[in-house]
Amino acid sequence: MVQDGAAGVVRSTGVPRRGVPGLFSLALGAAAFALAFVARGPAAVLALAAGAAAGLELVEVHRVRSREALIGLGLGAAGLAVAVVATARKTLDLRFLRSQYLNIGALHGLGGSLARGAYNTLRLAIIGEIAGIVLGLLVALVVVSKRRWVRAPGIAYVDLFRGTPLLMQLSFIYLALPFVGIRLNVFTAGATGLALNSAAYVAEIFRAGIQSVERGQMEAARGLGMPYRAAMRYVIVPQAFRRVIPPLVNEFIALLKDSSLVSALGATVESRELLRVAHDAYAQTANATPFVAASLIYLLLTLPLTRVVNRLERGLRAAA
Amino acid sequence: MAVQDGANQADTTKVVELRRLHKRFGDLHVLKGIDLTLERHEVVCVIGPSGSGKSTLLRCVNLLEEPTEGEVLIDGVKINDSRIDIDRVRTRVGIVFQSFNLFPHLTTLRNVTLALEKVVGLTKADARSRADEGLERVGLVDKAAAYPSQLSGGQQQRVAIARALAMHPEVMLFDEVTSALDPELVKEVLDVMRGLASDGMTMLVVTHEMGFAREVGDRVIFMDDGLIVEQGPPSAIFGAPSHPRTREFLSRVL
C-alpha cells in the first residue's frame, strides 16, 4: 500500500480521509441517536436504519475510515438499537414472548428426547460422512480418469445427486424403493440418502483435491515405473487428502444440518433426529421453545467444527 | 552398480535409439524427425534454445510424452507399442526433473524406497539398504528422516537423483536439473552427475550448463526448432561449430 514520493500523498480512491463525508456521517449518527430518545415508534426505526445505513455506506463504499465516520456509524447503530428495543417494549408483550420462546418449563421431560435426537442427528451425519467419503473417493477416481467412458458414469452420478433435491432423494429411497422390494426404516433410509448425496459432493471435493496436486508428482511416480493406480494410491491421493480435510469438515457440517430433512419422513420415537423431536414437542404443547433448544444444540455441534475448519485452513495456508 | 544390471542385456550396445521421432501437440510440431542413438556408458548432452524441443525429446525416451510418429527403442526393443509394459521399461530408465518432484508427504528415505517396495517388490529391509546406497552416493544419508520441505533445492535434487538411481536404471535422463536452483546450489548437483558419468552411467542430459556439457559430455547435440542441427564431440561443437545456428546460439550463451 505504501507508495513512494508524490503518488503516496493522494490515496488511490481520491477521497480525502477526513472532511465532509466523515462529518456528514458523524452528524447523521448523532442525529439518529438523539432521535431514538425523542421520536419513538416504527417511523423512528426506519429513519434510524437509514441513518446507520448511510454511515455504513460512507465507511464501506467510500472507504472513509476517518474517526468521525466510524463514530457516526457507531452512534447510528446504537441509536437504531435503542429505537428497536424501545419500540419493541411498547408494541410487544415481552412476557408472552418469553413464555413462548424461552420457556424452560416447556422443555420439562424433553431432555432425554433432545439428547436422543442430538445423538441420532450426529449418527446420521457421521454415517453419511464416512460412507460419503468412501463412495465419494471412488467416484472422484472415476471422474479424473482420462478415458471418457470411465468418466461418464461418475459424472452422471454427481449430476444426479447434486442436481436433485436431497428431500426428494430421501423420499424416493423411503417411499419409492419399497415397490422394488427394498424396504428401509426411516433411519436407514435417511442414512443411505445422506450418504449417497454427500458422496456426490465429496467426489467433487476429492476431484478438485486430486487435480490440485502438481502434474510433476504423477510424472515422477510414473517415471519410477509405478502403474497409474499405485501412483494414485501412494502419491496423489495422500497429498490430495490433506488438502481436502477443511472442505470435508465443511461437508460434515452441511450434512449435520441437512440430516434435519430426514424429519420429513416421520420416525419412531427412538430413531427421531433433533428437528423431529422439536417438531413433535411443538405439536404437543404449541410452544416454540423446543425449536429454540434444538437450534442451540445444532449450534453447539456446528460452531466448534466451523472454528476447527478455520484453524485448519490457516494451518494449510501457512504450510503452503 | 547400474552397469551390472545392464550387462544382462549386453547383446546390444545401443541403450536408447530414437528413429524418425515426431511429436505434435495439436497444431504445434515440436519434434520434426529425430534420429538419436545412445551407446552404453555414453554421456550425451542436449543443448539448444528454449522451445527447441529438448525436454520433449527427453520425455519421449521414457514415454512420459507419447511420440506422434517414429520409434523409441530401449535395448533394441521398440517400446512405443501397446504390447509393451511401459511401467517395467521405466524402471530401467531413470529420470530427474527440473522441478525435483519429490513426494512432499514422504521422508527422504520413503521417497527413495517407495518404488523399490511397490514396483520392484523389495522387502522393507532390502529397499532400505538400496536407498542408503543411493543416498550415500549423493551424500545425503544423514537426511534420510527429513522431509523435502526441510531440504535446500540442491539437496532435494540430489535426493531425486538418488531416488532414480536406487532403481538401478540402465540409463539416466536429466531434464534441465539445475535450472530451478540458486546459482550456489548448482555445483553440488553437477558434481553428483559428474561422479555418475565417470562411473560409466549412460546419461542423456538436457542442460543449459555449457561448462558441464563441454567437460562431461562424450557428445553434444545442438537442437533447434524440433530438429538436431548439429552433433559431435564437445571440442567440435564448442570449438568449431559448423552450422550458423549453432554458432549464433553459442555466441549468445557463452
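How many bridges pair strand β9 of chain B with β10(B), and in which sense do the two strands run? In this predicted model, β9 (residues 219-224) and β10(B) are antiparallel partners joined over five bridges. One of the residue pairs at this junction is D224(B) with L227(B), the latter being the bridge partner in β10(B).

The pair belongs to an open sheet of six strands in chain B, ordered β6-β7-β8-β3-β9-β10 and mixed in its pairing. The edges of this sheet are taken by β6 and β10 (227-232) of chain B, each of which pairs on one side only. From one strand to the next, the twist averages 20°. Across β3 (43-47), β9 and β10 of chain B lies helix α10 (residues 244-253) of chain B, running at about 95° to β9(B).

Further along the sheet, strand β7 (residues 171-175) of chain B is a good place to pause, for five of its five residues are buried. V171(B), L173(B) and D175(B) point one way from β7(B), while M172(B) and F174(B) point the other way, and all are buried. On one side, β7(B) runs parallel to strand β6 (residues 93-96) of chain B, with four bridges between them. Here V93(B) is found opposite V171(B) in β7(B). Strand β8 (residues 202-206) of chain B is also parallel to β7(B), and five bridges link the two. L173(B) has L204(B) in β8(B) as its bridge partner.

Chain B also holds an open sheet of four strands, in the order β2-β1-β4-β5 and with antiparallel pairing. β2 (28-39) and β5 (77-78) of chain B have a single partner strand each and stand at the edges, so one side of each is without a neighbour in the sheet. Within this sheet, five bridges connect strand β1 (residues 14-25) of chain B with strand β4 (residues 69-74) of chain B in the antiparallel sense. H22(B) is placed opposite E69(B) in β4(B). Helix α2 (residues 54-61) of chain B packs on the sheet and touches β1, β2 and β4 of chain B, its direction making about 125° with that of β1(B).

Chain A offers another picture, with twelve helices and zero strands in its secondary structure. Of the 320 residues in chain A, 39% are buried. Among the contacts in chain A between residues at least 6 apart in sequence, 75% join residues at least 24 apart. One of the helix pairs is formed by α9 (residues 215-223) and α10 (residues 228-258) of chain A, whose axes come within 9 Å and cross at roughly 140°. The crossing of α9(A) with α10(A) is right-handed. From α9(A), the residues Q217(A), M218(A), A221(A) and R222(A) meet Y228(A), A231(A), M232(A), V235(A), I236(A) and Q239(A) of α10(A). Sorted by class, this contact between α9(A) and α10(A) comprises seven nonpolar, two polar and one charged residues.

Attention now turns to charged side chains. Side chains of opposite charge can pair when their charged atoms come close. Over all chains, the structure holds 30 salt bridges. One of them links R207(A) with E204(A), whose closest N and O atoms are 3.2 Å apart. These two residues, R207(A) and E204(A), are three residues apart in helix α8 (residues 186-212) of chain A, which means that about one helical turn separates them. R207(A) counts as partly exposed because its relative accessibility is 23%.

In chain B, a salt bridge joins the side chains of D87(B) and R90(B), at 3.8 Å from N to O. Both D87(B) and R90(B) sit in helix α3 (residues 86-90) of chain B, three residues apart, about one turn of the helix. Are D87(B) and R90(B) buried or exposed? Both residues, D87(B) and R90(B), are buried.

Another salt bridge connects the side chains of K124(B) and E117(B), with 4.0 Å from N to O. K124(B) has 60% relative accessibility and therefore counts as exposed, whereas E117(B) is buried, with a relative accessible area of 14%. Residues of chains A and B also come together through salt bridges that share partners: R215(A), E219(A), R59(B) and E65(B) are joined into one network.

Methods:
Residues numbered from 1 in each chain as written. Chains lettered and ligands numbered in written order. Predicted model: local features only at pLDDT ≥ 70, side-chain atom pairs only at ≥ 80, totals over all residues. Heavy atoms only, no water. Axes fitted to C-alpha atoms, helices over the stretch in contact; angles between N-to-C directions. Left-handed = near helix turned anticlockwise from the far one by under 90°. Contact = heavy atoms within 4.5 Å. Nonpolar A, V, L, I, M, F, W, Y, C, P; charged D, E, K, R; others polar. Pairing = 2+ DSSP bridges. Buried < 20%, exposed > 50% of the residue type's maximum accessible area, 1.4 Å probe, protein only.
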